[in-house]
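Subject: Handing over a structure

Hi there,

I am passing this structure on to you, as you will be looking after it from here. Please open it first, and then read my notes underneath.

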Amino acid sequence: MKPPKFEYHAPRSVEEALDALGRYGGDAKVLAGGQSLMPLLNFRLARPAALVDLNPIGSLAYIREHDGQIRFGAMTRQRTIEFSPVVAQRLPLLKEATHWVGHLPIRTRGTIGGSIAHADPSAEYPAVLTALEGEVVARRATGERVIRAADLFQTYLTTSLTPDEILTEVRLPAMPAGAGYALEEFSRRHGDFAIVGIAALVVREGQRCKMARLATAGAGPVPVRLRAAEEILEREGLGDAAIEAAARRATELVTPDADIHASADYRRHLTGVLTKRALTRAIGVARG
Amino acid sequence: MAEITVRLNVNGVAHEGRCEPRKLLVDFIREDLGLTGTHVGCEHGICGACTIMFNGEAARSCIMLAVQADGAELMTVEGLMRDGKLHPLQEAFREHHALQCGFCTPGMLMTALDLLRTNASPSDREIREGISAVLCRCTGYQGIVNAVRAAAPTLAAGR
């Protein structure tokens, strides 16, 4: 249970990091908080020729408001997000999701950029990024591009980031004032990987639903946006019948896999149960 | 890869060592610095026995590299005692039978320390959520919850 040998780079800037990464032609790994990569190294499931450690790059840790977006430097720790007043006010769904990310001593090291780039399908941040239609900035030596959540996650632990790119920023649109939100999750033990999780956002006008957003964690190889379930609420309002119908529709929109933790059927069932719970709670706290 | 020099401060004492980049921080602490109070359990970030304070925050030292601690300030369980007296949290653990075999105890103490640093009077639910970061296979969790609850006002008063 010790990592294999690797070259270690501790760059002081993103440019230096990209330069180091470029030297290995896809055989290097970017080390962010290390809360997923380090276990993989200890198990020797990952055997990169080199690690490019982003931790010394202080300029990658920030939370800024810009043009209706909240922008997070990729190395912003989850504990920082947990206690950020800006997040509490503008992105309460992200704050709530953060309580579900690992455990306290994981969140002190774990980062928003690392969690999203790692793309574990059971992780909370990718679900929130999907629900809020966020985007990430990917930098390479020759420039940068912005990738929408819908175009980022490809399958288990796989994103559309290329080996010569580093995810440097995560952008989430500020939630509308008064929006209801909830993150419901089921795991065997708090802090364990989600068996299924549902992120919900509801903007209401009386009993009418102006906008609904639903995204899954753990219900398939990537976070799933439950658009057809959202449409039921936007069409039929926020009554119990509409919530029931949306939850039922949600179970039809996911294609979960079975593993040692749960069968596919059970995950599908949970998707419905948790969608109903998340919507009920989100609608309860929504103003407007 | 060649060995790298690591200079760090542990429990208020400056240390310097050399190690391969792949050396885990917990192994560096135990083998190179001789501080064996920090325990090695699962070695993949699940059990929490190796939790230390890294620049003032609880972190798992089995999923960090020693080279990442260059320039850092660490506190391990050995750093809790002052002037031959137990830390109030350790005192509470003893008082409330919060340890049985003691294997998880260093991790429990360091995790509880960060919990109480950021939440001066946690509810029982919050204590349980906090210490869910550390596995106790004696399953003596109730005593640990009692100890953390009892230590909270003492630590808050000491600040």
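Below is what I found, beginning with chain B and ending with the contact between the chains. Please keep in mind that this is a predicted model.

**The two domains of chain B**

Chain B splits into domain 1, covering 4-79, and domain 2, covering 88-157. Between the C-alpha centres of these two domains of chain B there are 21 Å. The domains do touch: 13 residues of domain 1 of chain B are in contact with 12 residues of domain 2 of chain B.

Which strands should you look at on the domain 1 side of chain B? Strand 3 (51-54) and strand 4 (57-60) of chain B each bring at least two residues to the side that touches domain 2. The largest share of that side, 3 residues, belongs to strand 3 of chain B. Sorted by class, the side of domain 1 of chain B that touches domain 2 has 7 nonpolar, 5 polar and 1 charged residues.

**The sheet in chain B**

Strand 3 and strand 4 of chain B also belong to an open sheet of 5 strands, ordered 2-1-5-3-4, with mixed pairing. At the edges of the sheet are strand 2 (13-19) and strand 4 of chain B, each of which pairs on one side only. From one strand to the next, the twist averages 40°.

In general, the strands of a sheet pair through backbone hydrogen bonds, in a parallel or antiparallel way. Here, strand 3 of chain B pairs with strand 5 (residues 73-75) of chain B in the antiparallel sense, over 2 bridges. If you would like a spot to zoom in on, try F54(B), whose bridge partner in strand 5 of chain B is L74(B).

A helix joins the picture too: helix 3 (residues 105-118) of chain B lies across strand 3 and strand 4 of chain B. This helix 3 runs at about 40° to strand 3 of chain B.

**Where the chains meet**

How many residues does each chain give to the contact? Chain A gives 25 residues and chain B gives 24 residues. On the side of chain A that touches chain B, the elements giving two or more residues are strand 1 (7-9), helix 2 (37-42) and helix 6 (104-107) of chain A. Helix 2 of chain A gives the most, with 3 residues. By class, this side of chain A divides into 10 nonpolar, 8 polar and 7 charged residues.

Enjoy looking around!

Best wishes

How values were computed:
Residues numbered from 1 in each chain as written. Chains lettered and ligands numbered in written order. Predicted model: local features only at pLDDT ≥ 70, side-chain atom pairs only at ≥ 80, totals over all residues. Domains from an automatic or database assignment. Contact = placed C-beta atoms within 7 Å. Helix = DSSP H or I, 4+ residues; strand = E, 2+ residues; numbered from the N terminus. Nonpolar A, V, L, I, M, F, W, Y, C, P; charged D, E, K, R; others polar. Pairing = 2+ DSSP bridges. Axes fitted to C-alpha atoms, helices over the stretch in contact; angles between N-to-C directions.
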